Amino acid sequence: MKDQRAQAPARDSAIVAAAPEDSIAPFQGTLAATRRSRPGPPTARLRSLRVTAEAGFDRVVFEFADSVLPGYQIEYPEEPIRRCGSGDEVLLAGPGRLLVRLEPAQAHDERGNSTVPHREWAPQLAVVQEMKLVCDFEGQVEWAIGLAARRRFRVIETAPAAHLTVDVRHRD
């Protein structure tokens with residue numbers, strides 16, 4: 001995998017289309033919004049979600065079924081995070097808010113049952129304080145992550161296992 005660092009965009013500039021970082025490269029990370037497009041079909045189905053504490057960073061791993069990775073946009077939003085159906089504002093633990101948008105993706109099966117056991121939980125790690133599924137509708141899945149502070153993050157894609165990993169540094 002190729003290591004590419006994205007520079008923070010100006011307030012009105014486009015989102016950076018960045019290659020994911022290599023998991024064995026030094027953790028550089030970014031504060032800039034990061035995007036990778038993958039128009040569907042197929043739609044990636046979220047199979048599991050893990051959150052772990054690692055040396056120097058917290059790790060969030062999105063695992064998808066059938067070796068299919070969705071496109072993504074990961075950013076520190078300027079506006080409040082809202083649920084996609086109701087428009088209700090989502091409150092999160094911690095002052096930092098990271099939004100992970102996955103598309104085309106879904107976090108439910110063909111009967112509408114959730115494919116992940118926790119749609120909200122508070123792991124309360126060094127940086128990752130809380131996570132909430134805020135959208136699972138019409139091919140878009142969004143997770144809001146409450147952080148202890150706004151920190152640099154990196155994105156790692158793993159194939160063929162179809163893992164999308166977001167690491168958030170403990171310190172900058």
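**Exercise 1. The open sheet**

In what order do the five strands of the open sheet lie, and is the pairing mixed?Solution.
Step 1. The model is a predicted one. Its open sheet of five strands runs in the order β7-β3-β4-β12-β11, with mixed pairing.
Step 2. The edges are β7, residues 105-106, and β11, each of which pairs on one side only.
Step 3. At the β7 edge, β3 and β7 pair in the parallel sense over two bridges. Ala44 has Ala105 of β7 as its bridge partner.
Step 4. As background, strands of a sheet pair through backbone hydrogen bonds, either parallel or antiparallel.

**Exercise 2. The nonpolar cores**

Find which residues have the most contacts inside the largest nonpolar core, and which strands supply the core.

Solution.
Step 1. The largest nonpolar core has 33 residues. Those with the most contacts inside it are Phe62, Phe64, Leu98, Leu102, Met131 and Trp143.
Step 2. At least two residues of this core come from each of β3 (44-54), β4 (57-64), β5 (71-75), β6 (96-103), β9 (128-137), β10 (140-147), β11 (153-158) and β12 (163-169).
Step 3. Take Phe64 as an example. Setting aside residues up to four places away in sequence, Phe64 touches Ala44, Arg45, Leu46, Arg47, Leu69, Pro70, Leu102, Ala161, Ala162 and Leu164.
Step 4. A second, separate core has six residues, including Val90, Leu92, Leu99 and Val134.

**Exercise 3. A loop residue**

Locate Val68 and decide why it is classed as buried or exposed.

Solution.
Step 1. Val68 is in the loop between β4 and β5.
Step 2. Its relative accessible area is 16%. The cut-off for buried is under 20%, so Val68 is buried.
Step 3. Beyond residues up to four places away in sequence, Val68 touches Pro42, Thr43, Ala44 and Ala162.
Step 4. The C-alpha atoms of Val68 and Ala159 are 8.6 Å apart in space, while the two residues are 91 residues apart in sequence.

**Exercise 4. The surroundings of Asp136**

Which polar partners does the side chain of Asp136 have?

Solution.
Step 1. Asp136 belongs to strand β9. With a relative accessibility of 17%, Asp136 counts as buried.
Step 2. Its side chain reaches the backbone nitrogen of Ala107 at 3.0 Å.
Step 3. The side chains of Asp136 and His108 are joined by a polar contact of 2.9 Å.
Step 4. Apart from neighbours within four places in sequence, Asp136 is in contact with Cys84, Gln106, Ala107, His108, Arg119 and Val141. Cys84 returns in the next exercise.

**Exercise 5. The disulfide**

Which cysteines form the disulfide, and why does the pair tie together separate parts of the chain?

Solution.
Step 1. The structure holds one disulfide. Cys84 is joined to Cys135, with an S to S distance of 2.3 Å.
Step 2. Cys84 lies in the loop between β5 and β6 and Cys135 in strand β9, so the pair ties together parts that are 51 residues apart in sequence.
Step 3. The torsion about the S-S bond is about 90 degrees, so the disulfide is right-handed.
Step 4. Cys84 counts as partly exposed at 39% relative accessibility, whereas Cys135 is buried at 3%.

**Exercise 6. Salt bridges**

How many salt bridges does a search of the whole structure find? Describe the pairs Arg36 with Glu157 and Arg45 with Glu110.

Solution.
Step 1. The search finds twelve salt bridges. In general, side chains of opposite charge can pair when their charged atoms come close.
Step 2. Arg36 and Glu157 meet through their side chains at 3.0 Å, N to O. This pair links distant parts of the chain: Arg36 is in strand β2 (residues 34-36) and Glu157 in strand β11, 121 residues apart.
Step 3. Arg36 counts as partly exposed at 31% relative accessibility, while Glu157 is buried at 8%.
Step 4. In the salt bridge of Arg45 with Glu110, the closest N and O atoms are 3.2 Å apart. Arg45 lies in strand β3 and Glu110 in the loop between β7 and β8 (120-121), so parts 65 residues apart in sequence are tied together.
Step 5. Arg45 is partly exposed at 27% relative accessibility, and Glu110 is exposed at 63%.
Step 6. Another salt bridge joins the side chains of Asp172 and Arg169 at 3.8 Å, N to O. Arg36, Arg38 and Glu157 form one network through salt bridges that share partners.

Conventions
Residues are numbered from 1 along each chain as its sequence is written. This is a predicted model: local features need pLDDT of at least 70, side-chain atom pairs count only at pLDDT 80 or more; totals for chains, interfaces and linings use all residues. Side-chain values use heavy atoms; hydrogens and water are left out. A nonpolar core is a set of buried Ala, Val, Leu, Ile, Met, Phe, Trp, Tyr and Cys residues joined through side-chain atoms within 4.5 Å. Buried means under 20% relative accessible area, exposed over 50%, partly exposed in between (1.4 Å probe, protein chains only). Helices (H or I, at least four residues) and strands (E, at least two) are DSSP runs, numbered from the N terminus. Contact means heavy atoms within 4.5 Å. A polar contact is a pair of N or O atoms within 3.5 Å; within protein, one must be able to donate a hydrogen and the other to accept it, and residues adjacent in sequence count only if both atoms are side-chain atoms. Two strands pair if DSSP finds at least two bridges between them. A salt bridge is a side-chain nitrogen of Lys or Arg within 4 Å of a carboxyl oxygen of Asp or Glu. A disulfide is a pair of cysteine sulfur atoms within 2.5 Å.
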